[in-house]
Amino acid sequence: MRAHDPPPPGTGREARPSPGAASPGGLLDLLQVAAMVLDRTGHIVLWSPEAERLFGYSAAEALGQNAGLLLVAPDKLELVTELFKQVRAGAIWQGVFPIVHADGTTRDVEFRNMRMHDVDGGVYALGLGADLSTVRRVETDMALSSSLVDQSPIGLAVFDTDLRIVRVNRAMEELHGLPAAAMLGRRVREISRGSEFRAIEARMREVLETGEPLLDHDTVVRTYADQEHDHAWSISYYRIQDATGRVLGLAASIADFTERHQAAEEIAEARGRLAVIAEAGTRIGTTLDLQQTAQELASVVVPTLADIATVDVLDEVLRGGPVPKVRAQQSAEFRALAVAAADSGEAIGAVDPVGELARYTDDRLITKTVREGLPVVVHRVSSRMLRRIARDDRAAAQLRRAGAHSYLAAPLIARGEVLGVVGMFRTRNQKPFDDEDRTLALELAARAAISIDNARLYAGERNAALTLQRSLLPHEPPRVDGMEISARYIPAVREVGGDWYDVLQLRDGKVGLIVGDVMGKGLHAAAIMGQLRTATRAFSRLDLPPHEVLAHLDNITGSAEGDFIATCVYAVCDPATGRCLFSTAGHLPPVLVPPGGRAELIDLPSAVPLGVGGIRFRTVERKLSEGTLLALFTDGLVEDRRQSIDVGLRTLMRVLKLKSRRRTLEDTCDVVLGAGLQSPDDDVALLLARMGAPAAEDEAADES
């Protein structure tokens, strides 16, 4: 116990009110007790003002009179004389006796009569009386008040003006978990712990000073006898004062609505869990990116369900292999995909860094979770248990310093396979994980696991498509006399498409340039692209004009198994003469940049894509001077959902005009792609050709 803490109740050191003169009460005023003194002969020698009001005779009228003759009916005189003798002999008589009022009416008066002595040994009789109806009314009020206080299910307490407890009922004893003896004479803060009780006492003082009651103030407290659980109370305070307005103290009533409060909290928590599930449906799995999906899961968990969340996936899953089965007495290798925390404190350093590989032995809880496919809940984490959770003793110490006190691990199960674990810690939230939290964690993990597995499968398919795509494209353009050529292929961030380019060496030193785009994504688009590229190479050997090559491609496209559509632009150039023939199948026209001239889009007749049919393709001839730059590209280079394609085309022409002169085409490709034109959602194929021998670099002259 700290020095400033109050002594516990029942130790014998309870605070007591300081001794001193008590203020007069108002009960006697309420009863209006009359007093009279009779000498040994029964004559009145003293007469109080209350006697004058009760019996109707003034002091002048009563003093010296025989009390029996003055106040008693003749038929009661013998009885009262006998009673007077008994009192004079030393007996104490009390009871109800009818008295004749000065107005002639008879009234019942409750008496207390006793013998008195003066300094000389003289004997007198003291009579104290009060109107019977007044006495019975006060008795009834007091009995009713006491009965209500003692039997009330609401806790009631009375405080003096120093805010010390002078009375409590049984319900108040039960609320505090203390007997009345342990509370009497003490202040509220001395029988309860917590800052909320100091605030309560401040409110009590305000009510005592102002007289304004405080009604139905709701508060959540922890009592001296129960420090582990919250109690919800509705408290009211009233100032107590007598009929004259004198302040006697304070009354407090406490209604316990803990069960209702807990039920409301449970309803709120249930609604919160439903909200989390609804949020998870919109926030988890927005993309097919594996790491982003894991981060979305962690971000939903924190801070609604946990203060720290980690998403760890079995490393074999990420490497594209089959989902491994973790056997008994077998370690497991995990790779952290995401971490989220309510704050950036010490706990962040205790969890596995994103992207790093971690091996956990079979006795660790994370390994147990993937081995059994069942959640693990540790309501109260001990130091020993932390070592079964953390990767090493140092991490366990960091988690302990961060306040980690409860742990939950939920398996990520998709299509019957355990992919990994989402782990959760509570540090700031002092409630331990419970069964409802476990159910919610499993729901979130199940939703996220499907998205993670889809992302994993997609990543495998994307890698396969990209591998096929790259294998079907030329590794580098061939060297051609009289023409400089450079090309690039950039796969989309998410899905690989069917973009392609090719450079064909034809008869008589001519060169075929083609760029195309198969509609669709993935392996199918890559395979179709390979077929078109092979067919184009075959038809080009026939020395056909571009529009006939496209017509043949359209024919095989329409007859191929499985409908598909593709666009392309095909050019046949003769470096010796500068003559170039162009034809398009629904594709964007090439950009032409003559030396010292303006960049322009080559005006080609409109045509439908390959696979649509029904429209003839046409060829356009252009004469290109030495140094003229020709750019063929797919729409992924210039198209962006956020802006018109015309903006992308104008930007491309400006970049080519300013940056292509006296620069190698390799550098020009890098500059074009570095200008941020391409969309990350689509593939990009870029093919640049310049008439004449490769130019020497002279960027400084160009910039000047």
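Let's start in the second largest pocket of this predicted model: about 640 Å³ of space lies in there.

To find the pocket, select Arg222, Asp230, Gln262, Glu265 and Lys431. Of the 17 residues that line the second largest pocket, these lie nearest its centre. Now add helix α11, residues 258-283. Which element gives the most to the lining of this pocket? Helix α11 does, with seven residues. Next, try colouring the lining by residue type: eleven of its residues are charged, five are polar and one is nonpolar.

Time to move on to a sheet. Strands of a sheet pair through backbone hydrogen bonds, and they can do so in a parallel or an antiparallel way. Here, select β11 to β16: these six strands form an open sheet with antiparallel pairing, and its order reads β13-β12-β11-β16-β15-β14. Where does the sheet end? Look at the edge strands, β13 (357-360) and β14 (376-378), each of which pairs on one side only. Turn the view a little and check the twist: on average, neighbouring strands of this sheet are turned by 25 degrees against each other, direction ignored.

Now zoom in on β11 (residues 308-314) and β16 (residues 417-426), an antiparallel pair joined over six bridges. Click on Asp312 and then look across to β16, where its bridge partner is Val421.

Last stop: show helix α14, residues 365-372, which packs on the sheet. What does α14 touch? Its contacts are β11, β12 (332-341), β13, β14, β15 (406-414) and β16. Compare directions while you're here: that of α14 makes about 140 degrees with that of β16.

Notes. Residues numbered from 1 in each chain as written. Predicted model: local features only at pLDDT ≥ 70, side-chain atom pairs only at ≥ 80, totals over all residues. Heavy atoms only, no water. 1 Å grid on protein atoms, 1.4 Å probe; cavity = no way out; pocket = protein on both sides within 12 Å on 5 of 7 lines; lining within 4 Å. Points joined across faces, edges and corners; volume = space filled by probe spheres on them. Helix = DSSP H or I, 4+ residues; strand = E, 2+ residues; numbered from the N terminus. Nonpolar A, V, L, I, M, F, W, Y, C, P; charged D, E, K, R; others polar. Pairing = 2+ DSSP bridges. Axes fitted to C-alpha atoms, helices over the stretch in contact; angles between N-to-C directions. Contact = heavy atoms within 4.5 Å.
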